Amino acid sequence: MATPTGLDHTLTALADPTRRAILQRLSAGEVRVTDLAQPFAMSLNAVSKHIRVLERAQLVTRRRAGREHLLSFNPKPLDEAAAWIETQRALWTTRLDALEALLRAEDHAAAPARGKKGALHER
């Protein structure tokens, strides 16, 4: 089995609605872990597990100020995921455009044959 890449970690982290909500809250700025966990209907331990997934994906950074753990959002992995997605979109758009052109050419080549068939049936 292949080793997970940064993109794998990012996409895994984004797959969960709780983690996306955590990122949304962090987009407003640095937050204490306890304040971040407060609105969620789950234990602090459960929120901490979500935070660890986000940290593994490097979407969240943690710093300590005394006994406080402060979290902030790191957009770089999202930028990397967006670049990968855009590359895939461009690749598939090119492939689908080529397929569409091929099908149109095939339809265009078959059109005169259909016209002759129709003329025979009219007689």
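Helices (H or I, at least four residues) and strands (E, at least two) are DSSP runs, numbered from the N terminus. The model toured here is predicted: local features need pLDDT of at least 70, side-chain atom pairs count only at pLDDT 80 or more, and totals for chains, interfaces and linings use all residues. Residues are numbered from 1 along each chain as its sequence is written, and side-chain values use heavy atoms, with hydrogens and water left out.

**Whole chain.** Display the protein as a cartoon: five helices and three strands appear, in the sequence pattern α-α-β-α-α-β-β-α. Of its 123 residues, 22% count as buried, where buried means under 20% relative accessible area, exposed over 50%, and partly exposed in between (1.4 Å probe, protein chains only). Contact means heavy atoms within 4.5 Å; of the contacts with a separation of 6 or more, 51% are between residues 24 or more positions apart.

**The sheet.** Select the three strands next. They form an open antiparallel sheet in the order 1-3-2, two strands being paired if DSSP finds at least two bridges between them. Strand 1 (31-32) and strand 2 stand at the edges with a single partner strand each, so one side of each has no neighbour in the sheet. Strand 2 and strand 3 (residues 68-73) run antiparallel and are joined by six bridges. To inspect one pairing, pick Arg64, whose bridge partner in strand 3 is His69.

**Helices on the sheet.** Now add helix 2 (residues 17-26), which packs on the sheet and touches strand 1, strand 2 and strand 3; its direction makes about 95° with that of strand 3. Helix 4 also packs on the sheet, touching strand 2 and strand 3, and its direction makes about 115° with that of strand 2. Axes are lines fitted to C-alpha atoms, for helices over the stretch in contact, and angles run from 0 to 180 degrees between N-to-C directions.

**The loop after helix 4.** Centre on Gln58, in the loop between helix 4 (44-56) and strand 2 (60-65). Gln58 is not a glycine, yet has a positive phi of about 60°. With a relative accessible area of 52%, Gln58 is exposed.

**Helix 5.** Finally, select Leu99, which lies in helix 5 (residues 76-122). Leu99 counts as partly exposed because its relative accessibility is 42%.
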